Amino acid sequence: MAKVYVFDHPLIQHKLTYIRDKSTGTKDFRELVDEVATLMAFEITRDMSLEEVEIETPVSPMKSKVLSGKKIGIIPILRAGIGMVDGILKLIPAAKVGHIGLYRDPKTLKPIEYYVKLPSDVEERDFIVVDPMLATGGSAVEAINSLKKRGAKHIKFMCLVAAPEGVEVLKEAHPDVDIFIAALDEKLNDHGYIVPGLGDAGDRLFGTK
C-alpha cells in the first residue's frame, strides 16, 4: 500500500503559511512555491541509490559516494504544477521534464487528458508527479494512469496541500505510488476546494482569475 509522508520541517511549514495567506501577491506566492518545492525535493530524494567511486582530495585518495545514475523525470500536471518544477530542478538539474494536461469535463466532472509530452525513455525513469493541490484526487489519478499506460513503473506524487478525501482516492487507485505532502488539510468543501487550503493555485501562480 502507498505510504503517505507529511512534512513537518519548520522551513516548509513557515513558508506554507505565507503561501496560504490571501494577502500574499503573485510574485511572492510564486517564489514561495518554488522554495517549498526545493525543500520537499530534498526529502523526496532521500532514497536515491548511491555507488562508490575513488577520488583524490588535496590530502589523500579516498572512496566516496555519488548518485548511481538512476534517471529522474519530473511531471507537472498543467498548469499549476509548473510552479513546482524549477524548485526541484535546483537539486536535480539533470532530470527531464514532461507535461500532462488535464481538464474537467463539465458534465461528468471527470478529468480528460488533452496533452501529454514525456521523455522518450519512460520505462527507465523514476517519475515525480507534481501538483500544488490534491483535492478530489481525480487529476492525480488520471495523470498517473497516463504515465503507467506509457510504460512508467516507478512513480511518486508530490503536492503542497492535500485533502484526506483526495489522499484516499489516490491510494486506492494507485497503491504503488507514495504520496509526499507539505500539509494534510481538514476536508473538501461542497465546491471541491480544500479547506482551509490556499485557493486556486493556478490563478495565484499566474495572476489570473
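In the predicted model, Gly137 occupies the loop that runs between E9 and H4. With a relative accessible area of 4%, Gly137 is buried, because that value is under the 20% cut-off. Leaving aside residues up to four places away in sequence, Gly137 touches Gly166 and Val169.

Thr136 lies in this loop as well, between strand E9 (133–134) and helix H4 (138–148). Its relative accessibility is 33%, so Thr136 counts as partly exposed. Beyond the residues up to four places away in sequence, the contacts of Thr136 are with Arg104, Glu165, Gly166, Val169 and Leu188. Gly166 and Val169 are thus contacted by Thr136 and also by Gly137. A polar atom of the Thr136 side chain is placed 3.3 Å from the backbone nitrogen of Gly138.

Both loop residues belong to an annotated set. An unreviewed UniProt entry places the feature "binding site" at Arg79, Arg104, Asp131, Pro132, Met133, Leu134, Ala135, Thr136, Gly137, Gly138, Ser139 and Asp200. Of these residues, Arg79, Arg104, Asp131, Met133, Leu134, Ala135, Thr136, Gly137, Gly138, Ser139 and Asp200 are included in the lining of the largest pocket. Arg104, one of the residues in that lining, is also among the contacts of Thr136.

On the other side of H4 in sequence, Gly151 is found in the loop between H4 and strand E10 (154–162). Gly151 has a relative accessible area of 15% and is therefore buried. Its contacts, not counting residues up to four places away in sequence, are Val122 and Glu123. Gly151 and Ile179 are 28 residues apart along the chain, and their C-alpha atoms are separated by 20 Å.

The interior was examined next. In soluble globular proteins, nonpolar side chains tend to be buried together. The largest nonpolar core here has 36 residues, and Ile19, Met40, Ile88, Met158 and Leu160 have the most contacts inside it. Two or more residues of this core are given by each of helix H1 (10–20), helix H2 (26–44), strand E4 (71–78), helix H3 (85–89), strand E8 (125–130), E10, strand E11 (178–184) and helix H6 (201–206). H2 provides the largest share, 8 residues. Ile19 touches Phe29, Leu32, Val33, Val36, Leu160, Leu198 and Arg204, with residues up to four places away in sequence not counted. A second core, separate from this one, has 24 residues, including Leu102, Leu134, Ala162 and Ile179. Leu134 of the second core is also one of the annotated binding-site positions.

Helix H2 also holds Thr38. At a relative accessible area of 18%, Thr38 is buried, since the value is under 20%. The side chain of Thr38 reaches the backbone oxygen of Gly87 at 2.7 Å. Apart from residues up to four places away in sequence, Thr38 touches Gly87, Ile88, Lys90 and Leu91. Among these contacts, Ile88 is one of the residues with the most contacts inside the largest core.

Confidence in the prediction was also computed. Where pLDDT is low, the predicted coordinates should not be read in detail. For the protein chain, the mean pLDDT is 93, and 100% of its residues reach 70 or more. Among the elements of the chain, strand E6 (residues 99–104) has the lowest mean pLDDT, 90, and E11 has the highest, 97.

How values were computed:
Residues numbered from 1 in each chain as written. Predicted model: local features only at pLDDT ≥ 70, side-chain atom pairs only at ≥ 80, totals over all residues. Heavy atoms only, no water. UniProt positions renumbered as here; feature names shortened; annotations may be inferred. 1 Å grid on protein atoms, 1.4 Å probe; cavity = no way out; pocket = protein on both sides within 12 Å on 5 of 7 lines; lining within 4 Å. Helix = DSSP H or I, 4+ residues; strand = E, 2+ residues; numbered from the N terminus. Buried < 20%, exposed > 50% of the residue type's maximum accessible area, 1.4 Å probe, protein only. Contact = heavy atoms within 4.5 Å. Polar contact = N/O pair within 3.5 Å; in protein donor to acceptor, adjacent residues only side chain to side chain. Core = buried A, V, L, I, M, F, W, Y, C linked by side-chain atoms within 4.5 Å. pLDDT = per-residue confidence, 0-100.
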